[in-house]
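Trainee: I would like to work through this structure with you. Can we take it one question at a time?

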Amino acid sequence: MSASITPCASRIENGAVEDFSIDQLSPVVQDNDDLEPGHVAHLELVRIVERVYRRYLDLLRNDLTRLGVDDVSPSQVMMLFTIGGDDLSVRDLIDRGHYLGSNASYNLKRLVECGYVERSASPRDKRAARIRLSDEGRHLCDLIRKIDDGYHRLAVRDDEQVREFAVTFMTLRRLEHIWTNAARYGEARLV
């Protein structure tokens with residue numbers, strides 16, 4: 001780790017994650033009362049995706065608090081995962097994460113200030129910035145992945161649930177392609 005570790009990142013490095021165990025959480029009780037067998041309206045699917053994402057951000061906020069990380073938001077952590085192991089341009093980040101320009105700029109500036117992202121001028125075009133995760137950013141992502149593995153074990157307990165997760169992922173990816181094409185070309189084209 002570099003000498004410019006932020007106070008929160010140093011708490012992470014010093015093992016704050018060891019104080020937290022996913023096994024301390026109570027099991028999730030599923031409420032299927034609002035589902036009609038065999039029929040899910042398109043709009044209802046969109047609404048549940050939005051709610052699930054918001055619940056995940058709430059969960060991530062709690063996990064960041066447990067880790068002692070108070071200098072980044074859950075949305076900013078998700079941006080770290082969007083960057084991943086790549087060295088990319090700001091434009092690529094915005095396209096990859098489907099971020100709004102000013103919101104992405106603010107969040108990226110904050111991640112650089114906190115030491116989770118390194119920003120440098122592009123070797124080919126000094127006006128363009130290149131970004132990548134710093135050691136602190138990679139370390140935070142590793143910790144979040146470890147916590148997330150515990151949540152995954154809560155959600156996927158047998159082979160049938162593994163298959164359901166795969167089908168859910170493929171369905172959401174298909175919808176992403178359909179909606180992207182509809183937005184770009186004015187009609188839904190299956191990919």
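What follows is a set of questions and answers on the fold, one helix, its salt bridges, a strand residue and the cysteines.

Trainee: How many helices and strands are in the chain?

Mentor: Keep in mind that this is a predicted model. From the N terminus on, the elements run α-α-α-β-α-α-β-β-α-α. The totals are 7 helices and 3 strands.

Trainee: Of the 191 residues, what percentage count as buried?

Mentor: A residue is buried when its relative accessible area is under 20%. The accessible surface of the chain is about 13000 Å², and carbon and sulfur atoms hold 52% of that area. The buried share of the 191 residues is 30%.

Trainee: Among contacts between residues at least 6 apart in sequence, what share join residues at least 24 apart?

Mentor: A contact here needs heavy atoms within 4.5 Å. Take the contacts between residues at least 6 apart, then keep the ones that join residues at least 24 apart. That share is 59%.

Trainee: What distance does helix 2 reach from its first C-alpha to its last?

Mentor: Helix 2 covers residues 42–67. It has 26 residues, and the expected rise is 1.5 Å a residue. The expected span is 38 Å, and the helix comes close to it, reaching 38 Å.

Trainee: Which residue follows helix 2?

Mentor: Look at the backbone angle just past the helix. Phi there is positive, near 80°. The residue is G68.

Trainee: Which residues of helix 2 are buried?

Mentor: Apply the cut-off of under 20% relative accessible area. Some residues of the helix fall outside it, including I48, which is partly exposed at 35%. The buried ones are L57, L60, D63, L64 and L67.

Trainee: Which element gives the largest share of the nonpolar patch?

Mentor: The patch has about 300 Å² of surface and is made by I48, V49, V52 and L172. I48 has its place in helix 2. With 3 residues, the largest share comes from helix 2.

Trainee: Which residue forms a salt bridge with E44?

Mentor: Side chains of opposite charge can pair when their charged atoms come close. The partner lies 3 residues away in helix 2, about one turn. The closest N and O atoms are 3.1 Å apart, and the partner of E44 is R47.

Trainee: Is E50 buried or partly exposed?

Mentor: E50 bridges to R54, with closest N and O atoms 3.2 Å apart. Both lie in helix 2, 4 residues apart. R54 has a relative accessible area of 48%. E50 has 42%, so it is partly exposed.

Trainee: Which residues are joined with D58 into one salt-bridge network?

Mentor: D58 and R61 meet in a salt bridge at 3.2 Å, N to O. Both lie in helix 2, 3 residues apart. Salt bridges that share partners join D58 into one network with R55 and R61.

Trainee: Which residues does L88 contact, leaving aside neighbours within four places in sequence?

Mentor: L88 lies in strand 1, residues 88–89. Its relative accessibility is 2%, so it counts as buried. Its contacts are I83, L93, R96, A129, R130 and I131.

Trainee: How many disulfides are counted?

Mentor: C114 is buried at 5% relative accessible area. C141 is buried too, at 2%. A disulfide needs two cysteine sulfur atoms within 2.5 Å. By that rule the count is 0.

Definitions and conventions. Residues are numbered from 1 along each chain as its sequence is written. This is a predicted model: local features need pLDDT of at least 70, side-chain atom pairs count only at pLDDT 80 or more; totals for chains, interfaces and linings use all residues. Side-chain values use heavy atoms; hydrogens and water are left out. Patches are made of residues with over 30% relative accessible area and no salt bridge: like charges are joined within 9 Å, nonpolar side chains (Val, Leu, Ile, Met, Phe, Trp, Tyr) within 5 Å. Accessible areas come from the Shrake-Rupley method with a 1.4 Å probe; for residues, only the protein chains shown count as cover. A salt bridge is a side-chain nitrogen of Lys or Arg within 4 Å of a carboxyl oxygen of Asp or Glu. Helices (H or I, at least four residues) and strands (E, at least two) are DSSP runs, numbered from the N terminus. Buried means under 20% relative accessible area, exposed over 50%, partly exposed in between (1.4 Å probe, protein chains only). The expected span of a helix is 1.5 Å times one less than its number of residues.
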